[in-house]
Amino acid sequence: MSAADEASGGPARGGTLRDLLRYFLYLGTFGFGGPIALAGYMQRDLVERRRWIDKQDYVEGLALAQLAPGPLAAQLAIYLGWAKGRLLGATLVAVAFILPSFLMVLALSAAYVRLGGLSWMQSAFYGVGAAVIAIIARSAVKLVKLTLARDVLLWVIFAASAITTAWTESEVAWLFLASGVVAVIWRRRPAGSGPAAVFLGPGAWAALGLVGASAAPVAWPVLTRITFYFAEAGAFVFGSGLAIVPFLHGGVVTRFHWLTERQFLDAVAVAMITPGPVVITVAFIGYLVAGPLGASCAALGVFLPCYLFVIIPAPYFKRFSGNRDVKAFVDGVTAAATGAIAGAAFVLGRRALVDLPAIGIAAGAWLVFSLRKKVPEPLVIAVAAVLGIILHRP
């Protein structure tokens with residue numbers, strides 16, 4: 001292999017499916033930092049250092065993970081498993097990557113239920129919740145820089161989604177779909193015509209969001225309801241796992257009343273202090289609702305759509321990955337998802353930042369992330385927990 005080939009990460013050689021499974025078990029156990037960091041680890045370890053994956057396969061997997069709904073890191077891992085071992089590889093890699101964090105969340109959930117009444121644990125989550133608000137807000141800012149650029153339409157979609165989420169305090173599935181359609185129509189318009197989206201005020205966009213949020217829950221057995229609800233939520237997570245937060249808040253807290261505001265914020269915090277995909281927070285929620293079976297149903301529901309969105313189009317992806325309409329749709333949905341994260345930060349922050357110590361912890365976490373961009377999020381959360389125990393008395 002030439003030096004140029006080695007520097008570019010290809011061609012791939014060596015590395016069995018068993019090797020790949022061991023790697024994803026390790027990454028699922030120790031991989032902190034969010035979806036972008038996890039995707040970076042995969043490129044560094046599998047493409048550049050070990051050369052188990054072709055660079056082209058990695059690039060195509062990353063593109064599919066960005067185009068399809070679902071948590072980016074999990075979908076990229078599943079695609080790399082498919083590239084190495086087709087359906088069996090994709091399935092085994094999905095399990096290997098998700099299982100470690102799922103088991104950790106189960107253990108944390110059991111401890112939370114058993115010890116949640118202790119004052120020190122309430123104080124710890126008081127501090128953790130404040131730090132989580134800073135993390136969510138920081139994620140929204142980063143996504144704005146990465147996805148909106150100077151595209152006026154995407155900024156309009158972002159603002160409409162943020163206002164709708166803050167106003168309705170619920171999931172906005174129909175707004176996401178409408179945003180993608182509007183982006184397709186706008187980019188196919190004749191030169192000089194105006195975008196339909198610009199003439200829709202925030203009230204009209206909010207009405208679209210209310211359509212998705214107002215459907216009455218079906219009286220299914222609780223485990224079936226958990227599975228289907230989280231499958232619905234998993235089908236609308238684009239890019240960052242934190243995009244699921246506004247969806248879950250509306251259903252879990254407002255619609256079904258499964259969790260209180262405090263418990264929901266604690267659920268997000270649990271996802272932050274465990275490795276692997278952020279959407280594993282659903283397992284914590286499922287546990288609080290229906291124990292270990294509820295956690296398993298929630299995890300199955302949220303990850304099944306992202307698994308299917310990879311293995312079904314994977315054999316045909318090269319044919320449509322460059323399609324202009326597909327890219328426009330995803331740009332619109334991504335802008336809406338970014339706005340929803342910003343709106344969720346406002347909704348959750350209004351409830352978590354209840355006094356000056358909480359505001360101070362959140363501001364301190366934001367400052368740390370701004371000055372030290374590579375500081376591990378779990379470390380900041382651990383410090384926030386200690387501060388919560390010191391400063392807060394329930």
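Is Asp45 buried or exposed? Keep that one in your heads for a minute, and I'll come back to it. Hi everyone. What you have in front of you is a predicted model, so please hear everything I say as a description of that model.

Let's start with the whole thing. The protein has 394 residues, and buried residues make up 53% of them. Its secondary structure comes to 17 helices and two strands. About 17100 Å² of the protein is exposed, and 67% of that comes from carbon and sulfur atoms. Now take the contacts between residues with a separation of 6 or more: 75% of those join residues that sit 24 or more positions apart.

Okay, salt bridges. In general, side chains of opposite charge can pair when their charged atoms come close. This structure holds seven salt bridges, and I'll walk you through a few.

Back to my opening question. Asp45 is buried, because its relative accessible area is 7% and buried means under 20%. Its side chain meets the side chain of Arg49 in a salt bridge, at 3.9 Å from N to O. Arg49, by contrast, counts as exposed, because its relative accessibility is 58% and the cut-off for exposed is over 50%. Both residues lie in helix H3, which covers residues 34–49, and they are four residues apart, about one turn of the helix. Arg44 comes into this as well: Arg44, Asp45 and Arg49 are linked in a network of salt bridges.

Next pair. Arg187 forms a salt bridge with Asp151, and the closest N and O atoms are 3.0 Å apart. Arg187 lies in helix H8 (residues 173–187), while Asp151 is in the loop between helix H6 (119–147) and helix H7 (152–168), so this pair ties together parts that are 36 residues apart in sequence. As for the surface, Arg187 is partly exposed, with a relative accessible area of 29%.

Move along one residue to Arg188, which forms a salt bridge with Asp325, the closest N and O atoms being 2.9 Å apart. This pair links distant parts of the chain, 137 residues apart: Asp325 is in helix H15 (residues 324–352), and Arg188 is in the loop between H8 and helix H9 (202–213). Asp325 is partly exposed too, at a relative accessible area of 24%.

Now for a helix that bends. Where is the kink in H5 centred? On Gly85, and the kink is about 140°. You can see it in the span as well: H5 has 44 residues, but its end C-alpha atoms are only 33 Å apart, short of the 64 Å that a straight helix would reach.

While we're in H5, which runs over residues 72–115, let's find Gln75. Gln75 counts as buried, at 1% relative accessibility. Leaving out residues up to four places away in sequence, it touches Ala65, Ala68, Pro69, Gly70, Cys306, Phe309 and Val310. Ala65 is ten residues from Gln75 in sequence, and their C-alpha atoms are 5.4 Å apart in space.

Last stop, the surface. Which residues form a nonpolar patch there? They are Leu379, Val383, Val386, Leu387, Ile390 and Leu391, with about 530 Å² of accessible area together. Leu391 has its place in helix H17, residues 377–391. With 48% relative accessibility, Leu391 counts as partly exposed.

That's my tour. Thanks, everyone!

Key. Residues numbered from 1 in each chain as written. Predicted model: local features only at pLDDT ≥ 70, side-chain atom pairs only at ≥ 80, totals over all residues. Heavy atoms only, no water. Patch = residues over 30% accessible without salt bridge, like charges linked within 9 Å, V, L, I, M, F, W, Y side chains within 5 Å. Areas by Shrake-Rupley, 256 points an atom, 1.4 Å probe, with all protein chains shown as cover. Salt bridge = Lys/Arg side-chain N within 4 Å of Asp/Glu carboxyl O. Buried < 20%, exposed > 50% of the residue type's maximum accessible area, 1.4 Å probe, protein only. Contact = heavy atoms within 4.5 Å. Expected span 1.5 Å × (residues − 1). Bend = angle between axes of the 7 residues up to and from the residue.
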